[in-house]
Amino acid sequence: MNILLAVDGSPYTKKMLAYLAAHDEMLGTTHSYTAITVQPPLPPRARAALGKETVDSYYAEEGEKVVSPVVKFMARHGVQLKTITKVGPAGETIAKVAESGKYDLVVMGTHGHGSLGKLVMGSVSTQVLANCTVPVLLVR
């Protein structure tokens with residue numbers, strides 16, 4: 001199975017990784033894994049003031065901060081992990097990568113928002129579910 005792990009460095013990412021480690025059928029060398037992290041875009045004025053090289057470096061550093069612990073965790077479990085760092089709206093970007101990369105499953109952590117919170121701002125997991133035909137496993 002080709003599995004996409006959506007990670008953001010939050011405690012929910014840690015819970016998702018713990019879930020994978022606790023379920024032998026989910027974590028192992030029989031599957032291929034890719035971790036994706038999506039950075040929110042800097043405002044256009046900030047990007048213009050900083051310059052492309054500085055902005056690209058910033059995105060790369062922020063992405064590395066998120067995926068590095070995940071790569072180490074997976075290596076401890078004998079699993080090689082590919083990584084992807086993207087910039088844009090997280091839910092839509094994760095869904096697009098899942099579709100275009102021909103993944104069999106998206107695994108991501110989530111947490112409960114109240115109904116009002118979802119109504120006002122939505123959540124990344126809700127956006128992924130709305131935009132993706134690939135099965136999604138949400139770990140709470």
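## Helix α4 against helix α6

Which hand does the crossing of α4 and α6 have? It's right-handed. This is a predicted model, so read everything below as a description of that prediction. Helix α4 covers residues 90-100, and its axis comes within 8 Å of the axis of α6, with the two crossing at roughly 40 degrees. Angles under 35 degrees count as roughly parallel, so the pair ends up as oblique instead.

Who does the touching? On the α4 side, the contact is made by Ala90, Gly91, Glu92, Ile94, Ala95 and Glu99, and on the α6 side by Val124, Gln127, Val128 and Asn131. Sort the residues of this contact by class and you get five nonpolar, three polar and two charged.

## The buried side of α4

Now for what α4 tucks away. Its buried residues are Gly91, Thr93, Ile94, Ala95, Val97 and Ala98. Together these buried residues pack against four strands, namely β1 (2-6), β2 (32-39), β3 (81-87) and β4 (105-109), and against α6 as well. Gly91, Ile94 and Ala95 turn up among the buried residues and also in the contact with α6. Once the helix is over, Lys102 takes a positive phi of about 55 degrees, just after α4.

Ala98 is worth a look of its own. It sits in helix α4 and counts as buried because its relative accessibility is 0%. Setting aside neighbours within four places in sequence, Ala98 is in contact with Leu4, Tyr103, Val106, Cys132 and Val134. Of these, Leu4 falls within β1 (2-6) and Val106 within β4 (105-109). For a sense of distance, take Tyr59: Ala98 and Tyr59 are 39 residues apart in sequence, and their C-alpha atoms are 21 Å apart in space.

## Thr34 and its link to Tyr103

Over in strand β2 you'll find Thr34. With a relative accessible area of 3%, Thr34 is buried, because the cut-off for that is under 20%. The side chain of Thr34 still has a polar partner: a polar contact of 3.2 Å joins it to the side chain of Tyr103.

Leaving out neighbours within four places in sequence, Thr34 is in contact with Ile3, Leu4, Leu5, Leu81, Lys82, Thr83, Ile84 and Tyr103. Leu4 and Tyr103 appear here and in the contacts of Ala98 too.

## Ser123, between α5 and α6

Ser123 has its place in the loop between α5 (115-121) and α6 (124-131). Is this loop residue buried or exposed? At 9% relative accessibility, Ser123 counts as buried. Its side chain makes a polar contact of 3.2 Å with the side chain of Ser125, and residue 125 falls within α6 (124-131).

## Helix α1 against helix α3

The other helix pair to look at is α1 (residues 11-22) and α3 (residues 52-76). Their axes come within 12 Å and cross at roughly 15 degrees, which makes α1 roughly parallel to α3. Here too the hand is easy to state: α1 passes α3 in a right-handed crossing.

The contact is made by Thr13, Leu17 and Ala21 of α1, together with Val70, Phe73 and Met74 of α3. By class, the residues of this contact divide into five nonpolar, one polar and no charged. The contact of α4 with α6, by comparison, has five nonpolar residues as well, but also three polar and two charged.

Key: Residues numbered from 1 in each chain as written. Predicted model: local features only at pLDDT ≥ 70, side-chain atom pairs only at ≥ 80, totals over all residues. Heavy atoms only, no water. Buried < 20%, exposed > 50% of the residue type's maximum accessible area, 1.4 Å probe, protein only. Polar contact = N/O pair within 3.5 Å; in protein donor to acceptor, adjacent residues only side chain to side chain. Axes fitted to C-alpha atoms, helices over the stretch in contact; angles between N-to-C directions. Parallel < 35°, antiparallel > 145°, perpendicular 65-115°, else oblique. Left-handed = near helix turned anticlockwise from the far one by under 90°. Contact = heavy atoms within 4.5 Å. Nonpolar A, V, L, I, M, F, W, Y, C, P; charged D, E, K, R; others polar.
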